[in-house]
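Hi,

Here is the structure I promised to pass on. Have a look first, and my notes on what turned up follow below.

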Amino acid sequence: MKVKSAVLQVMGASRPYKESKPLVIQELELDDPGRGEVLVEIKAAGLCHSDLSVINGSRPRPLPMALGHEAAGVVVKTGSGVTNYKAGDHVICIFVPTCGHCLPCQEGRPALCEEGAKSNSEGTLLNGERRLHAGHEYIYHHVGVCAFSDYVVVSEHSLVKVDPDIPFEKVALFGCAVLTGVGAVVNTANVRMGSSVAVVGLGGVGLSALLGAVASGARDIIAVDINPEKLHFAKELGATHIFNSKDKDCIERIKEITSGGVEYAFETAGAVPAMKVAYKITRRGGTTVTTGLPHPEHEFSFPQVTLTAEERVLKGSYLGSCVPSRDIPRFIELYKQGRLPVDRLLSGMIPLEEINEGFDKLAAGEINRMMVIP
């Protein structure tokens, strides 16, 4: 079938993207779903820094590639062997497909699936296949999803079924921003009620982490960013204190009001300067968690002695250390109860044809989560 998709042809294009147009809207041929695969009509897809990192070359991927990974849609058709989904089901796309048999999967850590990591890095579906092509040229799949398209074929292991009572532009948030941000708080760090928390970097993931800290009952919730508007918004979402990391005394002031630093600090910007701030404002015996995806050549250094002498914990968090089929229904239920108001992160909706302009706004820090409606 013929589909419309935003395809990245060249990484590292100059900004503004409105002029350089790294993403080209193309008509492609989409094959029918094979065994264990599902055809999904995409209804909403979020603009995320993980997409931006592929566009600007910070996260290299094979090209040409159909981008997009945070999405919600409707099942249209299933391939042979699929029993968990049927036409008409509402689903969320998950950007780490899971094989179920590698060691991380067997240990209950699907975010670290070895087969999923391999297929994502190679730009294929979980089974190694590609279903998109332009004539005789195959198009690579972005983390097995290709969400900036009107229709996609994905592995059945890249989906989670959801109730149809939440608008697509809202439920799509749970596929990346909420899983990653809230999951980092409740799964990776296991934040305790009454503890102190700081979030460094207030994009969609960072703001989701802040909401997760609120829902977890954290006592002090400190929001750190360089954008005054995002800091003001964080205050509205429940931050007890806000700090601009450009201020020279930012770190000292945070340590002063928290009596030596926070128990849990989350770096969500994917930038070494943000990571330095997060580590420095973590108290003795505290935990620093990073969800960011910086350029693979960027390195973070710290005084090694602090890990031992201060009993520090430094952790990475991918997909919020979530089990999507377990955690998405839980997070959605909290949203329905009004305890996780993630819909407030929505900055608006745009058509697929304006996707380059949307990424300009994301790169400039002007939006939290913009949804593309194919």
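Helices here are DSSP runs of H or I with at least four residues, strands are runs of E with at least two, and both are numbered from the N terminus. By that count the chain has 13 helices and 18 strands. Its radius of gyration (over C-alpha atoms) is 20 Å, close to the 21 Å that the globule rule (2.2 Å times the number of residues to the power 0.38) gives for 374 residues, so the chain is as compact as a globular protein of that length.

Before you dig in: this is a predicted model, where local features need pLDDT of at least 70 and side-chain atom pairs count only at pLDDT 80 or more, while totals for chains, interfaces and linings use all residues. Residues are numbered from 1 along each chain as its sequence is written, and side-chain values use heavy atoms, with hydrogens and water left out.

**The chain overall**

The C-alpha atoms fill a box of roughly 60 × 45 × 40 Å along the principal axes. Of the 374 residues, 55% are buried (under 20% relative accessible area; exposed is over 50%, partly exposed in between; 1.4 Å probe, protein chains only). Contact means heavy atoms within 4.5 Å, and of the contacts with a separation of 6 or more, 71% are between residues 24 or more positions apart.

**Helix 9**

Helix 9 covers residues 250-257, and its buried residues are Cys250, Ile251 and Ile254. Looking down the helix axis, these fall within an arc of 95 degrees (from the directions from the axis to the C-beta atoms), so they line one face of the helix. As a reminder, an α-helix has 3.6 residues a turn, so residues three or four places apart point the same way. What do the buried residues of helix 9 pack against? Their partners are strand 12 (220-225), strand 13 (241-244) and helix 10 (272-280). Just after the helix, Ser259 has a positive phi of about 55 degrees.

**Pro324 and Leu319**

Pro324 lies in helix 12 (residues 324-336) and is buried at 9% relative accessibility. Setting aside neighbours within four places in sequence, Pro324 touches Ile94, Pro110, Val160, Leu179, Leu319 and Pro329. Its C-alpha is 9.6 Å from that of Ser158, although the two are 166 residues apart along the chain.

Leu319, one of those contacts, sits in the loop between strand 16 (313-316) and helix 12. Leu319 is buried at 1% relative accessible area, and its phi is near 60 degrees, a positive value in a residue other than glycine.

**His90**

His90 is in strand 6 (residues 90-93) and is buried too, at 17%. Again leaving out neighbours within four places, the contacts of His90 are Gly73, Val74, Val160, Lys161, Val162, Pro164 and Phe168. Val160 thus turns up in the lists of both Pro324 and His90.

**Backbone spots to check**

- Arg15 and Pro16 are joined by a cis peptide bond, with omega about 5 degrees; Pro16 is in the loop between strand 1 (2-8) and helix 1 (17-20).
- Leu63 and Pro64 also share a cis peptide bond, with omega about -5 degrees; Pro64 is in the loop between helix 2 (49-55) and strand 4 (65-66).
- Asn190 is not a glycine, yet has a positive phi of about 55 degrees. Asn190 lies in the loop between helix 6 (177-188) and strand 11 (196-200) and is exposed, at 51% relative accessibility.

Cheers
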